[in-house]
Amino acid sequence: FQDALSQIRDSVSLTFMAVTEYKKGNLESAERWIREAEKEKPDNVYVLRTLGYRALIYLKRDRVAGVEALKRYIEHYEHAYPLESIRDLKRMLRTGNIDETTLETIIDEQIKWYEKEMEEYLINNSGFIADHQRMFFRE
């Protein structure tokens, strides 16, 4: 990834560096990469990955900042045709009982679904998002 970053420095590459560092347990480095990613223009397909991992990283480093980042992720995700698991995130936020392992699993699932659906929509103009768009504009 670091070799690629020397040639292409965008929010997607920087976010993937942050995710890699987070998964390796290098939270200081993960936070540095996610902060760099946030300085770049957000990518429509991968913006949830940036917001989701920002929340996960911050929750481990600074609970208050992590809760705020989780709120931002939820607010953004609510407008992206969310899976029903958004209720679990809202419950965690409302009660303050945030299980970070469960949270990471849910966020990863949401990110993967959203990115797959966005790519399907952008490449083939099909999938859930395309269907929803067609229904929306018919009304």
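How much surface does the chain expose, and what percentage of it do carbon and sulfur atoms supply? In this predicted model, the chain exposes about 8,300 Å², and carbon and sulfur atoms supply 49% of that area. The legends below describe the whole chain and then several close-up views.

**Figure 1. The whole chain is built from eight helices and zero strands.** From the N terminus on, the elements follow the order α-α-α-α-α-α-α-α. The chain has 139 residues, of which 41% are buried. Of the contacts with a separation of 6 or more, 57% are made by residues 24 or more positions apart.

**Figure 2. The largest nonpolar core of the model has 36 residues.** The residues with the most contacts inside this core are Ile57, Leu70, Tyr73, Leu103 and Ile107. Two or more residues each are given to the core by α2 (11–23), α3 (27–39), α4 (47–61), α5, α6 and α7. The greatest contribution is that of α4, which supplies nine residues.

**Figure 3. Tyr73 is shown with its contacts from elsewhere in the sequence.** When neighbours within four places in sequence are left aside, Tyr73 is in contact with Leu48, Leu51 and Gly52, and also with Leu89, Ile107, Gln110 and Ile111. Tyr73 is also one of the residues with the most contacts inside the largest nonpolar core, as is Ile107.

**Figure 4. Helix α6 spans residues 86–95 and includes buried residues.** Ile86, Leu89 and Met92 are the buried residues shown here. Seen down the axis of α6, the buried residues fall within an arc of 120°, so they line one face of the helix. Their cover includes α5 (63–78) and α7 (100–124). On the other side of α6, Arg87, Arg94 and Thr95 are exposed. After α6 comes Gly96, which has a positive phi, near 80°.

**Figure 5. Ser85 is found in the loop between α5 and α6.** Is Ser85 buried or exposed? Ser85 counts as buried because its relative accessibility is 11%, and buried means under 20%. Apart from residues up to four places away in sequence, Ser85 touches Ile106, Glu109 and Gln110. Gln110 is also among the contacts of Tyr73.

**Figure 6. Glu117 is a residue of helix α7.** With a relative accessible area of 8%, Glu117 is buried. This view also includes Gly127, 10 residues from Glu117 along the chain. The C-alpha atoms of Glu117 and Gly127 are separated by 6.2 Å.

**Figure 7. The largest pocket of the model has a volume of about 150 Å³.** Which residues line the largest pocket? The lining consists of Ser11, Ala37, Glu38, Glu40, Pro42, Asp43, Tyr46, Val47, Thr50, Leu51 and Arg72. Two elements, α3 and α4, give two or more residues to this lining. The largest share comes from α4, with three residues. Leu51, one of the lining residues, is also in contact with Tyr73.

Note on methods. Residues are numbered from 1 along each chain as its sequence is written. This is a predicted model: local features need pLDDT of at least 70, side-chain atom pairs count only at pLDDT 80 or more; totals for chains, interfaces and linings use all residues. Side-chain values use heavy atoms; hydrogens and water are left out. Buried means under 20% relative accessible area, exposed over 50%, partly exposed in between (1.4 Å probe, protein chains only). Helices (H or I, at least four residues) and strands (E, at least two) are DSSP runs, numbered from the N terminus. The arc is that of the directions from the helix axis to the C-beta atoms. Contact means heavy atoms within 4.5 Å. A nonpolar core is a set of buried Ala, Val, Leu, Ile, Met, Phe, Trp, Tyr and Cys residues joined through side-chain atoms within 4.5 Å. Accessible areas come from the Shrake-Rupley method with a 1.4 Å probe; for residues, only the protein chains shown count as cover. On a 1 Å grid over the protein atoms alone, a cavity is a set of points where a 1.4 Å probe fits but cannot get out, and a pocket is an open set with protein on both sides within 12 Å along at least five of seven lines; lining residues have an atom within 4 Å of a point. Grid points are joined across faces, edges and corners, and a volume is the space filled by probe spheres set on the points.
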